[in-house]
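User: I should like to understand how the labels given to parts of a protein model are justified. Could you take me through the reasoning step by step?

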Amino acid sequence: MATTIIYVSRKGNAKQIRLFGSDGSNNFNKDIETGVDPNDKVIWKLANDSNLASLEDVQVTNKHPKDKYSDVLLYDIVKIILPNGDYYFEGTVKSVSPGKNKFQTYQVDFKVPKDNTVHSEDPKLIMKT
C-alpha cells in the first residue's frame with residue numbers, strides 16, 4: 001500500500017486549481033487526473049505555496065454516467081484534523097482494481113484569498129493497474 005499525496009494549489013489569480021502529486025506528477029490539463037493503485041491511501045492537502053485561502057472539502061461526486069466511471073475508492077473521503085489545527089483529506093483505494101484506466105471523479109472545494117465564494121473543480125482518480 002502506497003500513499004499518494006495530492007497537493008492542491010493555483011497559479012496566479014486563476015479560479016482553477018492545479019494538482020501536484022507526491023510522485024512528481026503535475027496536472028495542468030483541464031481533466032485533472034491522478035493515477036492510483038489498489039490499496040493506495042490518497043491524501044489531499046494544500047501545497048505550501050498554494051495561493052489559496054483554504055481547502056474546504058474533498059468529496060466523491062461521480063458526475064459521469066455509471067458506464068463511464070467506476071467506484072475506485074473503498075470509503076468516502078474524510079477530513080483529518082491534526083492537534084495543531086492543520087488538516088488534510090484522506091481516502092483509500094479499493095483492494096481490487098475495477099480495471100486499468102477506470103476512474104472516479106471527485107470534487108475539490110476551495111476558497112481564494114479575499115473572496116468568500118467556495119469554488120469547485122472535478123478531478124479524477126484513475127486506476128494505473
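**Reasoning from values to labels**

Analyst: Let us begin with Phe89, which is buried, as its relative accessible area is 2% and buried means under 20%. Please keep in mind that this is a predicted model.

User: Why does Tyr87 count as partly exposed?

Analyst: The relative accessibility of Tyr87 is 26%. Buried requires a value under 20%, and exposed a value over 50%. The value of 26% meets neither condition, so Tyr87 counts as partly exposed.

User: What makes the rings of Tyr87 and Phe89 an edge-to-face pair?

Analyst: In general, a pair of aromatic rings is described by the distance of the centres and the angle of the planes. There are two aromatic pairs by the rule applied here. For Tyr87 and Phe89, the ring centres are 6.1 Å apart and the planes stand at 85°. Rings pair if their centres lie within 6.5 Å, and planes over 60 degrees apart count as edge-to-face. Both conditions are met, so the pair is edge-to-face.

User: How do you know that the charged end of Lys79 sits over the ring of Tyr87?

Analyst: The charged end of Lys79 is 4.4 Å from the centre of the Tyr87 ring, and the distance limit is within 6 Å. The definition also asks for a position within 35 degrees of the ring normal. Lys79 is listed as sitting over the ring. The charged end of Lys124 likewise sits over the ring of Phe103, 4.6 Å from its centre.

User: What makes strand 7 and strand 8 a pair?

Analyst: Strand 7 (residues 78–81) and strand 8 (residues 87–92) are joined by four bridges in the antiparallel sense, where at least two bridges are required. One bridge partner is Glu90 in strand 8, opposite Val78. The hairpin has five residues between the strands, and Gly85 takes a positive phi near 95° there.

User: Why is Gln107 called buried, and what is its polar contact?

Analyst: Gln107 belongs to strand 9 (residues 103–111). Its relative accessibility is 13%, under the limit of 20%, so Gln107 counts as buried. The side chain of Gln107 lies 3.3 Å from that of Ser120 in a polar contact, for which the atoms must be within 3.5 Å.

User: Why does Val8 count as buried, and which residues is it in contact with?

Analyst: Val8, in strand 1 (residues 3–9), has a relative accessibility of 0%, which is under 20%, so it counts as buried. Leaving aside neighbours within four places in sequence, the contacts of Val8 include Ile17, Leu19, Leu46, Leu52 and Val108.

Key: Residues numbered from 1 in each chain as written. Predicted model: local features only at pLDDT ≥ 70, side-chain atom pairs only at ≥ 80, totals over all residues. Heavy atoms only, no water. Helix = DSSP H or I, 4+ residues; strand = E, 2+ residues; numbered from the N terminus. Buried < 20%, exposed > 50% of the residue type's maximum accessible area, 1.4 Å probe, protein only. Polar contact = N/O pair within 3.5 Å; in protein donor to acceptor, adjacent residues only side chain to side chain. Contact = heavy atoms within 4.5 Å. Phe/Tyr/Trp six-rings, centres within 6.5 Å; stacked < 30°, edge-to-face > 60°.
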